[in-house]
Structure formats: C-alpha cells, structure tokens
Amino acid sequence: MAGRLKGDREKRDPAEIKEFFREFAVSKDPKLRELLIEEHLYIADILAKKYINKGIEYDDLYQVASIGLILAIDRYDVEKGFEFSSYATPTIIGEIKKYFRDKGWVIRVPRRIQELSKKVNNARMTLSQNLQKSPTVTDIAAYLNISEEEVLEAIEASRVYSPQSLDATYEISYDDREVNLSELIGEEDKRFEKIEFVDFINRTMEKLNDIEKQILIDRYFEKKTQVSIAKKLEISQMTVSRIEKKIIEKFRKELEIT
C-alpha cells in the first residue's frame, strides 16, 4: 500500500480507485484518505465554480466544497455500486448551500445600528399613517431628530444585514421580470436526487440479456403493450409476460443487494 501512495500524482485507473476506497473503509489510513481527497478535488472545484458571483468569493466556496468532499469520502460505501462522483455531488452542494444560509445572509450588526434601524422602521410606519404616503428620508430624520445620513445608514444596514427569505422576489429592471433569491444564490440541480436511481437502473440492465433489455425498454420506457412487443419480436405474449416477470425479479434482487 505504502509503495502505491508514493510518487507524483497521476491519472489512476477507476478500478484502482475503487480498491483504495475498499482499503480505506477498513483501515481509515490518513495517507490513503489524503490520496482520495487529492484524486477528487476536481469535483469540489467544478461545484464551487457553479456558485461564484453569488456574493461569496471562490476561495471560500472551494474550501466549503472541499469539506463536503471529505465528508463524502468518509461516508462512501463502494460496495453499493454507485460512482463516487454521483454520491459526492449532493453532499458537496448541500455544504455549499448550508454555507450560504449560515454565512452569506446573516452578519452581526453593531447594537447602535440595530437600535437605530428599529427606530427608523417604527418612524416609517407612523409617518406613513400620518402623512398617508411613504415618508422621505428627510421626513424620518426630522421626526427622529437625527441626520439624514444616519437614516440612510440604518436603512442600508437593514437591507444588507437582515436575513432574507429564499422565497423573496426581486424585480430585474432590464428584462422586466422577477426572480427568487434562491435563483440568485444557486439551486441544487433536481437531477441530483435521481442520480442513485439512474445508477441502479444502468447497473441492473448490464445483467440483462439482449431480449430482456429490449422488452424492458419497450415496456417501461416506450410504454408499449405486451401484445405489440410480442409482434415486434415475433414471440408469444405469454413469453413476453414471462420474461417481464423475470426482469422484475432481477431488479428486486438487485435492490435487496443495494
């Protein structure tokens, strides 16, 4: 093992990587863990870049993505048959999105600004009722006996530092439409939820013979009837039914293994 870990990093065979995962699951060797991390850092890089220009620097995103990668390596079970990249992607994106929630939108505000912001908001509500219109900065400053600069500071602080709902909408002036805040900070691709399912289907199909694959595709992907499939393959409907039951049993057994 030690000999294989030495030397410059190079493109490794997927089978060798799987063997490293098997060994790490048993030994928890720190050097082997480091090798697996280095081998898959490209995944963290790709996913971190997906979320740049959303208000957080790439270096911070890459660091968070790398933490997600390490978590995925520690939890990955190669014996389940899923590709590591498919397993790691949702874990890494989950860490990135959690970072946005925890760090990106909630920042400590000086108590003076907190109190001033509360006064400005209360004054805005009172003046709106009294004036029957939205008060100006000048109106608020005069009402609170503070400078207009202080009013602007409080308003800006409220916008920047207050937690924002991911469902909040913002108008985009240049194309006259609204977007959710979740769109601005990036959303997890819904296809990630289907990754393991697709891997399961592909892996099980490899264990089917040609006629079984054809019947599976025609029956469940093309939505054809057993009668039409029987005519196409020039076999009886009974044979199609028997083969279909055999296919279902193979999938059931594969699911039990998984």
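This account considers helix α3 and then the aromatic contacts of a predicted model.

Helix α3 comprises 20 residues, from 30 to 49. The distance from its first C-alpha to its last is 28 Å, close to the 28 Å expected at 1.5 Å a residue. The helix nevertheless carries a kink of about 45°, centred on His40. His40 itself belongs to the buried residues of α3, which also include the neighbouring Glu39 as well as Leu32, Leu35, Leu36, Ile37, Ile43, Ala44, Leu47 and Ala48. At the start of the helix, Asp29 places a side-chain oxygen within 3.0 Å of the backbone nitrogen of Lys31.

The discussion now turns to the aromatic rings. Across the whole structure, a search identifies five aromatic pairs. One of them joins Phe21 and Tyr76 in an edge-to-face arrangement, with 4.7 Å between the ring centres and 70° between the planes. Because Phe21 is located in helix α2 (residues 14-27) and Tyr76 in the loop between α4 (58-75) and α5 (84-104), this pair ties together parts that are 55 residues apart in sequence. Both Phe21 and Tyr76 are buried.

Tyr76 also pairs with Phe84, again edge-to-face, at 5.1 Å centre to centre and with 75° between the planes. Phe84, like Tyr76, is buried. Ring pairs extend this arrangement into a cluster that links Phe21, Tyr76, Phe84 and Tyr87.

A further contact involves a charged residue and a ring: Lys28 lies over the face of Phe24, at 5.0 Å from the ring centre.

Conventions
Residues numbered from 1 in each chain as written. Predicted model: local features only at pLDDT ≥ 70, side-chain atom pairs only at ≥ 80, totals over all residues. Heavy atoms only, no water. Helix = DSSP H or I, 4+ residues; strand = E, 2+ residues; numbered from the N terminus. Expected span 1.5 Å × (residues − 1). Bend = angle between axes of the 7 residues up to and from the residue. Buried < 20%, exposed > 50% of the residue type's maximum accessible area, 1.4 Å probe, protein only. Polar contact = N/O pair within 3.5 Å; in protein donor to acceptor, adjacent residues only side chain to side chain. Phe/Tyr/Trp six-rings, centres within 6.5 Å; stacked < 30°, edge-to-face > 60°. Lys NZ or Arg CZ within 6 Å of the ring centre and 35° of its normal.
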